[in-house]
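Hi,

Here is the structure I promised to pass on. Have a look at it first, and then read my notes below.

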Amino acid sequence: MAEILSQGIADASTPGEEHALAVLEDAFARFDRIAISFSGAEDVVLIDLAARLVKRVPVFCLDTGRLHAETYRFLETVREHYPVTLEVLSPDADDLSRLVREKGLFSFLRDGHGECCAIRKIEPLRRRLAGLDAWITGQRADQNVTRADLPVEQDDLAFSTADHAIVKFNPLSTWTGTDVWDYIRRRDVPYNPLHDQGFRSIGCEPCTRPVGPHQHEREGRWWWENPADKECGLHAQNVAPIRIVNG
Ligand code: SF4
């Protein structure tokens, strides 16, 4: 069980921050095999919050091979800035070779993002979660129609198996995008420089674009697809409750 540092929740500046710290404290107190999934601005907020609670923050990130150069550099910024153990996960080389050989590098534009995301994101995530009992995400309820009912804690129905239950924590579920950026500015949290170029939700380079001030942030992701399909499988139960038993 992780040792919880004493300053933790006492340092909270807003009710939302206090709530997120309480969720994280509970998560780290209950689970030894737990880690933060890192990709976007929300996740650095989580790391900043967690660093106030535990001495070393366990973090993993999915290196799809298609991230922006800025994102790779940003990963190193985060590694140097915080006391993290950062695991960078790669896709299975054979699966990836087969996909590229058979369908090329942009099959998602023709077939939808499902197959490419399954190889570059879902399989590495499933591999990592097999060694964890809980994970922590930066999902917010207001990010997409698929996340409207997002709880702060849920059984992960997509990645649990018959023998291995996995819990997912969403400490920022009630935060807005404004809350996230208020926190980043207040605490001088490092962020991906792409945000200053109009990118709001940042994923893989070919599947992410800047959005205007009056567009929803998810309009910058997989813009050729229906909003209800804009989950890459990391959070598949947002779309439909499922349980993958032998996955
Ligand atoms: S976001 Fe795009 S490039 Fe990245 S894994 Fe999914 S489909 Fe592939």
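In which sense do S2 and S3 pair, and over how many bridges? They run parallel, and six bridges link them. At one spot along that pairing, Cys61 sits opposite Val88 in S3. H6 packs on the sheet here and touches S2, S3 and S4, with its direction making about 155 degrees with that of S2. Before you go further, keep in mind that this is a predicted model.

**The sheet**

Zooming out, there are six strands in an open sheet, and the order is S3-S2-S1-S4-S6-S5, with mixed pairing. At the edges you'll find S3 (84-89) and S5 (153-155), each of which pairs on one side only. On average, neighbouring strands of this sheet are turned by 30 degrees against each other, if you ignore direction.

**Strand S1 and its partners**

S1 covers residues 34-37, and both of its faces are covered. Ile34 and Ile36 are buried on one side, and Ala35 and Ser37 are buried on the other. As for partners, S1 runs parallel to S4 (residues 134-136), joined by three bridges; there, Ile34 has Ala134 as its bridge partner. S1 also runs parallel to S2 (residues 57-62), this time with two bridges, and Ile36 stands opposite Val59 in S2.

**Helix H2**

If you follow the chain from S1 through H2 to S2, you trace a right-handed β-α-β unit. What about H2 itself, is it enclosed or open? Nine of the 10 residues of this helix (residues 41-50) are buried, so H2 is largely enclosed by the rest of the structure. The buried set is Ala41, Glu42, Asp43, Val44, Val45, Leu46, Ile47, Leu49 and Ala50. Note that Glu42 and Asp43 are in that set too.

**Around the ligand**

Last stop: the ligand. It has 13 residues around it, and the closest are His113, Cys116, Cys117, Cys204 and Cys207. Which helix gives the largest share of the shell? That is H6 (residues 114-129), with four residues. So you meet H6 twice in this model: H6 contributes to the shell around the ligand, and H6 also packs on the sheet. Sorted by class, the shell has seven nonpolar, three polar and three charged residues.

If you open the model, I'd begin with S1 and its two parallel partners, S4 and S2, and then move on to H6 and the ligand.

Cheers

Definitions and conventions
Residues numbered from 1 in each chain as written. Predicted model: local features only at pLDDT ≥ 70, side-chain atom pairs only at ≥ 80, totals over all residues. Buried ≥ 20, exposed ≤ 12 C-beta atoms within 10 Å, placed from the backbone. Pairing = 2+ DSSP bridges. Right-handed = clockwise from strand over helix to strand, strands pointing away. Near = placed C-beta within 6 Å. Nonpolar A, V, L, I, M, F, W, Y, C, P; charged D, E, K, R; others polar. Axes fitted to C-alpha atoms, helices over the stretch in contact; angles between N-to-C directions. Contact = placed C-beta atoms within 7 Å.
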